[in-house]
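User: I've got a structure loaded and I'd like to check the labels people put on it. Can we go through them one at a time?

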Amino acid sequence: VDRRDAKLALAHIYVAFIALALGGLAGLLQTLVRSGKFTLPANISYYTILTTHGVLLGLVLTTFFIIGFQFAAVSRTAGTFSDRVRFWGWIGFWLMTIGTAMTAFFILIGEASVLYTFYAPLQAHPGFYLGLTLVVVGSWISGFAIFAHYARWKKEHPSQVSPLLTFMAVVNMVLWLVCSLGVAATVLIQLLPWSLGLVDRINVLVSRTLFWYFGHPLVYFWLLPAYMIWYAIIPKIIGGKIFSDSLARLSFILFLFFSIPVGFHHQLMEPGVEPFWKYVQVVLTFMVAIPSLMTAFAMFATFEMYGRSKGATGLFGWLRKLPWGDARFFAPFVGMLFFIPAGAGGLVNASHQLNQVVHNTIWVTGHFHLTLATTVVLTFFGAAYWLIPHLSGRVMTKAMNRLAIIQTIVWAIGMAFMSGSMHFAGLLGAPRRSAFSTYGNSPQALEWIPYQIAQAVGGTILFIGIILVLVIVTNLAFFAPKGETEFPVGEVAETAERTPLAMENWKLLISITVALILIAYTIPFIDMIQNAPPGSKGYKLW
Ligand code: HAS
């Protein structure tokens with residue numbers, strides 16, 4: 001990656017890891033409070049800490065890492081950015097950073113304890129919503145910078161299929177752009193006027209629906225960069241080949257189609273939505289599991305083909321040939337392993353009857369600590385181990401690689417404790433998002449306490465994991481020996497089919513995406529506005 005583009009990517013990654021340090025500390029405090037063994041000072045609320053944790057890790061760490069990684073990946077595979085693209089990349093970065101600082105300020109002074117899902121009826125200071133708006137606008141500018149670079153590449157290479165990583169980054173940013181329109185709408189049309197006192201009530205159902213129109217694809221905006229690393233980079237790291245370029249692209253296209261019209265699976269218990277539309281969106285949710293199953297298949301195929309090319313025999317002999325001592329592979333691989341139970345948990349959530357058991361329990365928190373905080377985050381850590389030294393012009397030493405392997409193991413153990421006990425406590429009915437309470441020593445609540453203590457043990461181990469990764473990242477950015485580190489990009493296996501150009505027919509891809517969204521949302525949305533509670537006026541958004 002060109003030195004100037006590297007600077008842009010690194011700036012994003014630094015902010016991401018600062019967010020990890022602060023957000024991780026908030027996470028540790030939360031698990032301690034929930035265990036009942038620790039009390040926060042009287043002027044700090046549990047919900048302030050919970051919001052800090054969710055916003056910094058769920059929104060800031062992810063968005064900054066993803067955009068930084070994608071800038072690097074696009075520059076590496078589609079060529080150095082023009083000055084104009086880089087300029088807009090920096091504008092996007094600064095808007096996002098200023099927005100993040102504003103948002104964090106209002107959370108920390110206790111004026112925005114609205115959780116990372118911030119939909120009504122919780123209300124924050126207008127400054128919180130303005131900060132979020134800057135973050136979203138900044139990310140759109142970065143997205144358009146990537147689109148402009150891609151368009152130039154396509155113009156200069158007519159009738160050629162674009163580089164895989166660039167294509168994937170473009171799909172992810174299209175997904176982001178289409179879904180973040182929902183959050184922009186609720187913030188600008190409802191939450192901001194309401195918190196400024198311009199209107200005195202808003203339609204809560206519409207606010208939640210617009211949030212989840214955004215909130216579910218958001219999780220795929222986090223997942224797809226991990227899949228970019230699995231599909232396009234891990235094969236090179238292990239010394240193998242990409243199983244199929246077109247399969248990888250097809251899975252990304254399916255994510256674009258199916259990850260947006262599924263928000264109702266977060267609202268299965270919502271009384272204001274007709275069961276028929278919940279059913280439609282649950283069917284679409286099961287469709288969105290298919291590209292993940294395709295990804296599992298492709299990863300197994302890549303590993304097996306490589307192992308067999310090295311002489312492995314037997315059903316699982318290829319496992320022995322994988323580079324277990326290389327943290328760039330080991331951390332994402334552990335992430336993949338965790339995704340097997342994590343994905344199964346997602347399918348439980350999406351099943352209407354089972355959702356009634358787990359909804360709003362700490363099971364859901366366990367689910368997203370396996371998906372986001374393990375599968376995605378461990379893959380990002382694994383990528384940081386080559387990306388940061390590549391961008392900073394340094395090399396990772398053997399000692400740091402060993403520490404990174406230990407970090408991965410510590411993370412896996414901490415998460416098994418924390419997320420495992422969250423799943424069990426959730427099945428016993430323990431609510432999510434509540435500080436320690438025995439509910440008047442009710443026998444049911446007393447059953448949860450051992451699990452809450454196990455969560456605190458897991459949280460403490462994970463905090464050690466955060467310290468370790470921060471040591472490694474600081475070393476790679478500033479202290480590791482100078483030298484050249486490769487940005488690994490895999491080649492496609494000779495046995496793979498040629499990728500059809502039609503896969504980049506954006507008019508068709510975007511039309512199908514929009515059609516699915518309209519089918520899944522138009523009628524229920526009209527219903528919500530028409531049947532708004534008495535007292536609503538205007539378009540019944542307020
Ligand atoms: Fe989810 C709630 C359904 C995936 C994140 N999810 C959440 C929330 C978050 C989140 C943050 O239907 C909470 C939101 C809140 O605060 O309220 N989720 C799903 C489904 C999937 C899914 C069906 N979620 C994710 C991913 C996330 C994420 C990914 C973050 C990155 N989720 C739900 C539902 C709710 C929900 C409901 C609402 C619950 C409620 O009531 O509130 C699917 O996409 C999962 C598909 C995945 C698979 C697994 C494939 C396995 C692979 C690994 C292969 C391994 C290899 C290694 C190759 C089918 C790809 C093997 C090697 C060997 C040697 C074995």
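**Checking the labels**

Analyst: Sure. Keep in mind that this is a predicted model. Let's begin at the ligand: of the 33 residues around it, those that come nearest are Gly-343, Gly-346, Asn-349, Ala-350 and Phe-368.

User: Which helices supply at least two residues of the shell around the ligand?

Analyst: Four are listed: α6 (204-238), α8 (275-309), α9 (327-350) and α11 (362-392).

User: And how do the residues of that shell divide into nonpolar, polar and charged?

Analyst: The shell around the ligand has 20 nonpolar and 13 polar residues, and no charged ones. Glycine goes with the polar class here.

User: Why is Arg-208 called buried?

Analyst: The cut-off for buried is 20 or more other C-beta atoms within 10 Å. Arg-208 has 23 of them within that distance, so Arg-208 is buried. Arg-208 lies in helix α6.

User: What is Arg-208 in contact with, leaving aside neighbours within four places in sequence?

Analyst: Tyr-119, Gln-267 and Glu-270. By contrast, Gly-239 is 31 residues away from Arg-208 in sequence and 46 Å away in space, C-alpha to C-alpha.

User: What makes Ser-159 count as exposed?

Analyst: Exposed means 12 or fewer C-beta neighbours within 10 Å. Ser-159 has 6, so Ser-159 counts as exposed. Ser-159 sits in the loop between α4 and α5, and its phi is positive, about 60°, although it is not a glycine.

User: Asn-441, then: buried or exposed?

Analyst: Exposed, because Asn-441 has 7 C-beta neighbours inside 10 Å and the limit is 12 or fewer. Asn-441 is in the loop between α12 (398-427) and α13 (443-479). Asn-441 isn't a glycine, yet has a positive phi of about 55°.

User: Which peptide bond is cis?

Analyst: The bond joining Ala-120 and Pro-121, with omega at about 15°. Pro-121 is found in the loop between α3 (83-108) and α4 (126-156).

User: How do the axes of α2 and α5 cross?

Analyst: The axes of α2 (residues 46-78) and α5 (residues 164-195) come within 8 Å and cross at roughly 145°. The crossing is left-handed.

User: Which residues make that contact?

Analyst: From α2 it's Gln-70, Ala-73, Val-74, Thr-77 and Ala-78, and from α5 it's Leu-165, Thr-166, Ala-169 and Asn-172. Sorted by class, the contact of α2 with α5 has five nonpolar residues, four polar ones and no charged ones.

User: Zooming out, how many helices and strands does the chain have?

Analyst: There are 14 helices and zero strands.

User: Why is the chain called as compact as a globular protein of that length?

Analyst: Set the value against the rule: the radius of gyration is 23 Å, and the globule rule gives 24 Å for 542 residues. Those are close, so the chain is as compact as a globular protein of that length. Taken along the principal axes, the C-alpha atoms fill a box of roughly 65 × 50 × 45 Å.

User: What share of the residues counts as buried?

Analyst: Of the 542 residues, 50% count as buried.

User: And how much of the contacts with a separation of 6 or more comes from residues 24 or more positions apart?

Analyst: Such residues account for 84% of those contacts in the chain.

Key: Residues numbered from 1 in each chain as written. Predicted model: local features only at pLDDT ≥ 70, side-chain atom pairs only at ≥ 80, totals over all residues. Near = placed C-beta within 6 Å. Axes fitted to C-alpha atoms, helices over the stretch in contact; angles between N-to-C directions. Left-handed = near helix turned anticlockwise from the far one by under 90°. Contact = placed C-beta atoms within 7 Å. Rg over C-alpha atoms; globule rule 2.2 N^0.38 Å.
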